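The following exercises concern one protein model. Each task is followed by a solution that proceeds in steps.

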Amino acid sequence: MKHPIIIGLQYGDEGKGKITDYFAQKADWVIRFNGGSNAGHTLWVDGKKIVTHSVPSGILFPKCKNFIGAACVLDPLGFKKETDEHKASGLDISPHRIKSDYRTHLTFPFHKALDESRELGSGGLGTTKKGIGPTYSFKVDRRNIRMGDLFIDEKGTRERLKDSLAYANALIREMKGKESSLKENEDFFEIISLFKDYVSFEAAPFYRVAQKEKCLLEGAQALSLDIDHGTYPFVTSSNAMPAMASVGAPFPHSKLGRVFGVFKAYMTRVGSGPFATELKNETGERIRKNGSEFGATTGRPRRVGWLDLDELKNNVELGDISDLVMTKSDILSGEEKICIKRQGEIIECEGWSETLSGDKLSKPLDRYLSLIEDYVGVKITLVGTGTDRKSLFERNTLGDLWS
Ligand code: IMP
């Protein structure tokens, strides 16, 4: 049995959470393999909005278990807040349903302070200020603390944390030009202790599981934000490539299957960086408003633009995408003129007033999809036609996700 992967093809916020939720109905596991609480996956169920950050999007199905992979980063304070909120909405967040790898690196308050200090200075990139970059830097610099460390060697972990903190204070002092005296927070360890039962200490947690249980690998952020292949330096600090599922979970690479690349009918971006098709006009404002294009994590208004087929094609090839999913086609309903960038030029396409005509996609929307498929060379399997989890149109047969 091979297992599907879901990744973003633009700048995040493509609607990956909704697709994961759709596929998760039949999954035994949803596994996150990169990023941390910078992600915000929005799910709409019966008119109710649920946003997940660190918790994988399989949380809504009681039989589905959720795994936070080794290459993710986890903020225990944020995780506590998020799981408390999910619990208050009636979701089962008990440890048999959510596991974090013991190697997952932790985000401490000082990582967030470092992220914020940098954002306030001239080198700001428009990050989510969730401490993602500093956590990954400390990890690579071998100064960080992992989820399981406290339970393996409490004394040594506390010592190492003191060193990390002293280093963070020195960095902040240098950035701000004044004293920084961030302190170790006792509550922090108490909170980590609460999560002891959530930690998986297995070296290869999916080696056997992948032979008999259905797994779904949920990517965060997107290829244009990938640390190696995105629009550097305006990128996140992790890899969003499908192959990262094997490294990041970790997951047996011979068991990776179809790769679903998710993109929006138009484009959005939060934070700084190039955006060739950006609309800084009334049309952009209207699409932002209609599409509720405000960050799920930060609330920031997202920059809006037309679909860039050149970038999409690059990312489809980079990620070796087998199936495409286009979301939010309904947001463009009523736009008289829809544009698309192809071979460096903006071309106009006919707009659609409704996404569906009876039980079929409306003709202009279908032509828009064919134009994309012809250029990019991969079929569009699913089309998002509304916010609710049921509003997905199967344009090409979805077939077996686990074959
Ligand atoms: P960081 O990941 O917080 O360091 O932010 C780096 C860049 O990635 C910024 O432009 C963020 O706005 C963007 N970013 C990070 N995570 C997401 C996401 O889940 N959706 C959209 N943009 C994101």
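**Exercise 1. Characterise the lining of the second largest pocket by residue class and by helix.**

Solution. The model is predicted. By class, the lining of the second largest pocket consists of six charged, five polar and one nonpolar residue. The residues concerned are Ser 37, His 53, Ser 54, Asp 75, Gly 78, Phe 79, Lys 81, Glu 82, Glu 85, Lys 112, Lys 130 and Thr 297. Because Gly and His are counted as polar and Phe as nonpolar, Gly 78 and His 53 belong to the lining's polar group and Phe 79 is its nonpolar member. Helix α2 (residues 76-88) contributes the most to this lining, with five residues. The volume of the second largest pocket is about 200 Å³.

**Exercise 2. How many cavities of 30 Å³ or more does the structure hold, and which residues line the largest cavity?**

Solution. The structure holds one cavity of 30 Å³ or more. The largest cavity encloses about 30 Å³ of space. Its lining is formed by Arg 32, Gly 35, Gly 36, Ser 54, Ile 68, Cys 72, Val 73 and Leu 74. Sorted by class, this lining has four nonpolar, three polar and one charged residue. Ser 54 is listed for the largest cavity and also for the second largest pocket.

**Exercise 3. Describe how helix α3 and helix α4 pack.**

Solution. Begin with the geometry: helix α3 (residues 109-120) and helix α4 (residues 132-140) pack at an angle of about 115 degrees, and their axes are 7 Å apart. The handedness of the crossing is right-handed. Next, identify the contact: α3 supplies Phe 110, His 111, Leu 114 and Asp 115, which meet Ile 132, Pro 134, Thr 135 and Phe 138 of α4. These contact residues comprise five nonpolar, two polar and one charged.

**Exercise 4. Which peptide bonds to Pro 233 and Pro 250 are found, cis or trans, and where do these prolines lie?**

Solution. The bond from Tyr 232 to Pro 233 is cis, with omega near 5 degrees. Pro 233 is located in the loop between β10 (215-218) and α9 (244-248). The bond joining Ala 249 and Pro 250 is likewise cis, with omega about -5 degrees. Pro 250 is placed in the loop between α9 and β11 (256-264).

**Exercise 5. State the phi values of Ser 292 and Lys 328 and locate both residues.**

Solution. Ser 292, a residue other than glycine, has a positive phi near 45 degrees. Ser 292 falls in the loop between α10 (282-290) and β13 (303-305). For Lys 328, phi is positive and near 60 degrees. Lys 328 lies in the loop between β15 (323-327) and β16 (337-342).

How values were computed: Residues numbered from 1 in each chain as written. Predicted model: local features only at pLDDT ≥ 70, side-chain atom pairs only at ≥ 80, totals over all residues. Heavy atoms only, no water. Axes fitted to C-alpha atoms, helices over the stretch in contact; angles between N-to-C directions. Helix = DSSP H or I, 4+ residues; strand = E, 2+ residues; numbered from the N terminus. Left-handed = near helix turned anticlockwise from the far one by under 90°. Contact = heavy atoms within 4.5 Å. 1 Å grid on protein atoms, 1.4 Å probe; cavity = no way out; pocket = protein on both sides within 12 Å on 5 of 7 lines; lining within 4 Å. Points joined across faces, edges and corners; volume = space filled by probe spheres on them.
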